[in-house]
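This report takes up side-chain pairing, the surroundings of a ligand, and a few local features of the backbone and surface. The sequence and the structure come before the discussion.

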Amino acid sequence: MSEETLLRLIIERRTIYDFKPDPVPKPVLERALETAVWAPNHGLTEPWRFHVPGERTRAALAQIYARLRADKRCEPGTDAWRQAHEKALQRFLAVPGMVLVGQKLDEDPLRREEDAAAVSCAIQNFQLAMWAQGVGVQWSTGPVIRAAETFELLGIDPSEQKLVALLYFGYPACIGRSRRTDWREKTRWLD
Ligand SMILES: Cc1cc2nc3c(=O)[nH]c(=O)nc-3n(C[C@H](O)[C@H](O)[C@H](O)COP(=O)(O)O)c2cc1C
């Protein structure tokens with residue numbers, strides 16, 4: 001890959017919210033995970049943990065997602081709540097693939113902060129590796145990753161691991177626009 005191709009890949013990657021229904025082959029996901037773990041990490045702590053839900057776990061996650069979403073929008077027990085729940089359920093189940101990303105929690109606060117940065121780098125590696133293979137990702141930090149039921153479902157102890165992302169992925173049905181302020185406005189050159 002040329003320098004120009006790599007830089008264009010980084011600049012042109014977009015967060016994807018609408019996916020085609022086609023499944024993403026497992027080797028594509030494995031390649032992205034393989035790329036993710038080459039992120040920088042101070043002290044080689046390798047704090048990232050990836051949880052790839054299978055059918056049973058996805059169905060249970062969908063229930064958690066739908067309940068949280070419906071509760072936020074409508075009064076539980078009403079028709080509106082049931083409608084919102086069903087809509088959210090279908091929306092979640094329509095996403096072709098997903099990975100939850102966790103951070104192993106170090107006891108040292110500084111190391112914890114550095115590990116959080118390392119996990120973010122791993123997620124960006126993942127997004128770029130997916131994008132290079134034609135797959136789009138949405139990094140979500142919605143309430144599912146903080147729900148006690150999610151930790152229970154995944155068999156994670158929240159005192160040992162924090163969930164930092166739910167990454168939805170699939171082939172893009174629509175590539176949205178995004179904007180950035182010119183880097184010159186964010187940069188100072190000092191003597
Ligand atoms: C830490 C972090 C958390 C994010 N959480 C969400 C989220 O919960 N929902 C969402 O739609 N996008 C989320 N995003 C994606 C951003 O909204 C997205 O990167 C931004 O809109 C810029 O779009 P682009 O990635 O296409 O350039 C998150 C991104 C980061 C880095």
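Which side chain meets that of R31 in a salt bridge? The partner is E34, and the N to O distance between the two side chains is 3.7 Å. The coordinates belong to a predicted model, and the values that follow should be read with that in mind.

**Overall arrangement**

The protein contains 6 helices and 6 strands, which follow one another along the sequence as α-β-α-β-α-α-β-α-β-α-β-β. Its C-alpha trace spans about 65 × 40 × 35 Å along the principal axes, and of its 191 residues 39% are buried.

**Salt bridges**

The count of salt bridges comes to 8, and three of them, each with both partners in one helix, are set out below.

| Pair | Closest N to O distance | Helix and spacing |
|---|---|---|
| R8 and E4 | 3.6 Å | α1, 4 residues apart |
| R31 and E34 | 3.7 Å | α2, 3 residues apart |
| R67 and D71 | 3.2 Å | α3, 4 residues apart |

Because R8 and E4 are 4 residues apart in helix α1, about one helical turn separates them. R8 is partly exposed at 37% relative accessibility, and E4 is likewise partly exposed, with a relative accessible area of 48%. In helix α2, the spacing of R31 and E34 is also about one turn of the helix; here R31 counts as exposed at 51% relative accessibility, whereas E34, with a relative accessible area of 48%, is partly exposed. The third pair lies in helix α3, which covers residues 55–73, and R67 and D71 are again about one helical turn apart. Both members of this pair are partly exposed, R67 at 28% relative accessibility and D71 at 35%. Beyond single pairs, E4, R8 and E12 are joined into one network by salt bridges that share partners.

**Ligand surroundings**

The residues around the ligand are R13, R14, T15, Y17, Q138, W139, S140, T141, G142, S178 and R180. By class, this shell holds 2 nonpolar, 6 polar and 3 charged residues. Oxygen atoms of the ligand take part in several contacts with side chains of the protein: a polar side-chain atom of R13 lies 3.0 Å from a ligand oxygen, an N or O atom in the side chain of R14 is 2.7 Å from a ligand oxygen, and a polar side-chain atom of T15 lies 2.6 Å from a ligand oxygen. Taken on its own, the ligand has 620 Å² of accessible area, of which the protein covers 60%.

**Surface patch and backbone angles**

M1, L6, L7, I10 and I11 form a nonpolar patch on the surface, and together these residues have about 490 Å² of accessible area. M1 belongs to the segment before α1, the helix of residues 3–12, and M1 is exposed, with a relative accessible area of 71%.

Two residues other than glycine have positive phi values: that of L44 is about 50°, and that of E46 is near 45°. L44 lies in the loop between α2 (26–36) and β2 (48–51), and E46 is placed in the loop between α2 and β2 as well. L44 is exposed, with a relative accessible area of 64%, whereas E46 is partly exposed, with a relative accessible area of 43%.

Key
Residues numbered from 1 in each chain as written. Predicted model: local features only at pLDDT ≥ 70, side-chain atom pairs only at ≥ 80, totals over all residues. Heavy atoms only, no water. Near = heavy atom within 4 Å. Polar contact = N/O pair within 3.5 Å; in protein donor to acceptor, adjacent residues only side chain to side chain. Areas by Shrake-Rupley, 256 points an atom, 1.4 Å probe, with all protein chains shown as cover. Nonpolar A, V, L, I, M, F, W, Y, C, P; charged D, E, K, R; others polar. Patch = residues over 30% accessible without salt bridge, like charges linked within 9 Å, V, L, I, M, F, W, Y side chains within 5 Å. Helix = DSSP H or I, 4+ residues; strand = E, 2+ residues; numbered from the N terminus. Buried < 20%, exposed > 50% of the residue type's maximum accessible area, 1.4 Å probe, protein only.
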